[in-house]
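The following note is offered to a colleague who meets this structure for the first time. The numbered points begin with the cysteines and then turn to charged pairs, aromatic rings and the nonpolar core.

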Amino acid sequence: MSQSLPLYRIGDTQKPLLCTITYTIEGATAPSAKDLSAVTSVKFSMVNCATGVVKINEAAATIDTAATGKVRYSWAAVDVDTAGRFWGFFTVYTSTVTDTYPVKRDDLIVLIGSDTLTPD
């Protein structure tokens, strides 16, 4: 995944989560964008880092630019109603395989803060 650390406040639904799905080929010096042209769907999930409780379970994500791996997840109010630090990941489905990105859970951390609690 290539992106900066996404930071939101409780209730923020206007600004979607934007990511580029990438993978690393053995021996490569930099990750490559995943071509999503043959993908049937992309789902987004998010888990609370402190409690392990699933906040979002395979909600539909949108492919913005298939050739360059660009995806977005548009927040529902219930997705951003709790302050905390969350692991996020996208599951990519084709007719024959399923892959999860990023592979390392700490590569996509979503921070949701509030007036009285900061997630970091």
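1. The sulfur of C19 lies 14 Å from the closest cysteine sulfur, that of C49, and this distance is too far for a bond. C49 likewise takes part in no disulfide, its nearest cysteine sulfur being that of C19. The count of disulfides is therefore zero, since a pair of sulfur atoms would have to lie within 2.5 Å. C19 itself is buried, with a relative accessible area of 4%. The reader should bear in mind that the model is a predicted one.

2. How many salt bridges does a search of the whole structure find? The search returns two. One of them joins K55 to D81, with the closest N and O atoms 2.4 Å apart. This pair links distant parts of the chain, for K55 belongs to strand β6 (residues 54-60), whereas D81 lies in the loop between β8 and β9, 26 residues apart. K55 counts as partly exposed at 25% relative accessibility, and D81 is also partly exposed, with a relative accessible area of 40%.

3. In the salt bridge between R72 and D64, the side chains meet at 2.9 Å, N to O. R72 is partly exposed at 27% relative accessibility. D64 is partly exposed as well, its relative accessible area being 35%.

4. Aromatic rings deserve separate attention. Five aromatic pairs are found in a search of the whole structure. One of these pairs consists of Y73 and W75, whose arrangement is edge-to-face, with 5.3 Å from centre to centre and 90° between the planes. Both residues of that pair, Y73 and W75, are buried.

5. Which residues do the ring pairs link into a cluster? The cluster comprises Y8, F44, Y73, W75 and F90. The ring of Y8 also has a charged partner: the charged end of K15 sits over this ring, 4.7 Å from its centre.

6. The largest nonpolar core has 22 residues, and the members that touch the most others are L17, F44, M46, W75, F90 and V110. Several strands contribute to this core, with at least two residues supplied by each of β2 (17-20), β5 (41-48), β8 (70-73), β9 (84-93) and β11 (109-113).

7. W75 merits a closer look, as a residue named both in the ring cluster and among the core members with the most partners. When neighbours within four places in sequence are left aside, the contacts of W75 include the core residues L17, F44, M46 and V110. W75 is also in contact with Y8, D12, T13, K15, P16, I56 and V80. Both Y8 and K15, the two residues of the charge-over-ring arrangement, thus appear among the contacts of W75.

8. M46 is located in strand β5. Is this residue buried or exposed? M46 is buried, with a relative accessible area of 0%. Apart from neighbours within four places in sequence, M46 is in contact with V53, V54, K55, I56, W75, D79, F86, W87, G88, V110 and I112. K55, one of these contacts, is the residue that forms a salt bridge with D81. In addition, M46 and I109 are separated by 63 residues in sequence, while their C-alpha atoms are 9.0 Å apart in space.

Conventions:
Residues numbered from 1 in each chain as written. Predicted model: local features only at pLDDT ≥ 70, side-chain atom pairs only at ≥ 80, totals over all residues. Heavy atoms only, no water. Core = buried A, V, L, I, M, F, W, Y, C linked by side-chain atoms within 4.5 Å. Buried < 20%, exposed > 50% of the residue type's maximum accessible area, 1.4 Å probe, protein only. Helix = DSSP H or I, 4+ residues; strand = E, 2+ residues; numbered from the N terminus. Contact = heavy atoms within 4.5 Å. Salt bridge = Lys/Arg side-chain N within 4 Å of Asp/Glu carboxyl O. Phe/Tyr/Trp six-rings, centres within 6.5 Å; stacked < 30°, edge-to-face > 60°. Lys NZ or Arg CZ within 6 Å of the ring centre and 35° of its normal.
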